[in-house]
Every structure is written in C-alpha cells, then in structure tokens.
Amino acid sequence: MNFDFWLGQAPQVDYMKERCANTFRWWWDYAGGPVTDWGAHHNDIARWGIGQDGPISVEGKVITTPIPGGYTTPSDTKPP
C-alpha cells in the first residue's frame, strides 16, 4: 500500500492501520464519523416517514472527547 497516495491532500501523518480501510471514517482528516457515514441515510428515512421534502438545516455537536493519538471523530451517537 502507498500510504502517501492514500493520504492525498490530508495532513501528512505516520502510518496507522486504523487510518485505512473501513476505520478511516473515524478521523476528521478524512470523514466525519457516524453522522456523515450513516447519519444522512437515517435522516432521509425519518424525513420520508413524515412526508418532508426539500432542504432542511441541522446543527451538529461533538458529543465525545477525541482520544489523543486515536480516532478524532465522535465514536458513538449517545452522550457519554
């Protein structure tokens, strides 16, 4: 694997297997955690259920503290 190619324009960091494959989602440098991974799909289903169409606005909040040297996005959708 060419880790430099994998990083692309993201900040240069040392290789960690957790920054690759399926767990890349839990790092702000590459994605947005559970909300941007699956949250949009669940919001769509809820909106279909109430018959809402068109744009909406949402406000996001970080609900867990990132672990130093570990994942940086919230890892759970429940408050600690």
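## Arg19 and its partners

A polar contact of 2.7 Å joins the side chain of Arg19 to that of Tyr30. Keep in mind that this is a predicted model, so everything here describes computed geometry. Arg19 itself lies in the loop between α1 and α2, and with a relative accessible area of 9% this arginine is buried. The cut-off for that label is under 20%, so 9% qualifies.

Tyr30 isn't the end of the story for this side chain. The charged end of Arg19 also sits over the ring of Trp27, at 3.9 Å from the ring centre. So what does Arg19 form with Asp29? Here we get a salt bridge, with the closest N and O atoms 3.6 Å apart.

## The salt bridge

How many salt bridges does the structure hold? Just one, and the Arg19–Asp29 pair is a salt bridge. The pair links distant parts of the chain, ten residues apart, with Arg19 and Asp29 each placed in the loop between α1 (3–7) and α2 (34–50).

Are the two ends buried or exposed? Arg19 is buried at 9% relative accessible area, whereas Asp29 is partly exposed at 38%. The acid's 38% falls between the 20% and 50% cut-offs, and therefore Asp29 gets the in-between label.

## Two aromatic pairs

On to the rings. The count of aromatic pairs comes to two. Take Phe3 and Tyr15: their ring centres are 5.1 Å apart and their planes meet at 85°, which makes this pair edge-to-face. Phe3 is in helix α1 and Tyr15 is in the loop between α1 and α2, so this contact links distant parts of the chain, twelve residues apart. Phe3 counts as buried at 11% relative accessibility, while Tyr15 counts as partly exposed at 49%.

Then there's Trp6 with Phe24, an edge-to-face pair with 6.1 Å centre to centre and 80° between the planes. Why edge-to-face? Because the planes are 80° apart, and over 60 degrees earns that label. Trp6 lies in helix α1 and Phe24 in the loop between α1 and α2, so the pair ties together parts 18 residues apart in sequence. In this pair, Trp6 counts as partly exposed at 36% relative accessibility, and Phe24 counts as partly exposed at 23%.

## A nonpolar patch

Which residues form a nonpolar patch on the surface? Met1, Trp6 and Tyr15 do, with about 380 Å² of accessible area together. Trp6 and Tyr15 are familiar from the ring pairs: Trp6 is with Phe24, and Tyr15 is with Phe3.

Met1 is found in the segment before α1, and at 67% relative accessibility this methionine counts as exposed. Patch members need over 30% relative accessible area. Tyr15 at 49% and Trp6 at 36% are both described as partly exposed, and Phe24, at 23%, falls short of that cut-off, so Phe24 couldn't join the patch.

## A backbone detail at Ala21

One last stop is the backbone of Ala21. Where is Ala21 found? In the loop between α1 and α2, which is also where Arg19 lies. Phi of Ala21 is near 55°, a positive value in a residue other than glycine. With a relative accessible area of 55%, Ala21 is exposed, whereas Arg19 is buried.

Note on methods: Residues numbered from 1 in each chain as written. Predicted model: local features only at pLDDT ≥ 70, side-chain atom pairs only at ≥ 80, totals over all residues. Heavy atoms only, no water. Salt bridge = Lys/Arg side-chain N within 4 Å of Asp/Glu carboxyl O. Helix = DSSP H or I, 4+ residues; strand = E, 2+ residues; numbered from the N terminus. Buried < 20%, exposed > 50% of the residue type's maximum accessible area, 1.4 Å probe, protein only. Phe/Tyr/Trp six-rings, centres within 6.5 Å; stacked < 30°, edge-to-face > 60°. Lys NZ or Arg CZ within 6 Å of the ring centre and 35° of its normal. Patch = residues over 30% accessible without salt bridge, like charges linked within 9 Å, V, L, I, M, F, W, Y side chains within 5 Å. Areas by Shrake-Rupley, 256 points an atom, 1.4 Å probe, with all protein chains shown as cover. Polar contact = N/O pair within 3.5 Å; in protein donor to acceptor, adjacent residues only side chain to side chain.
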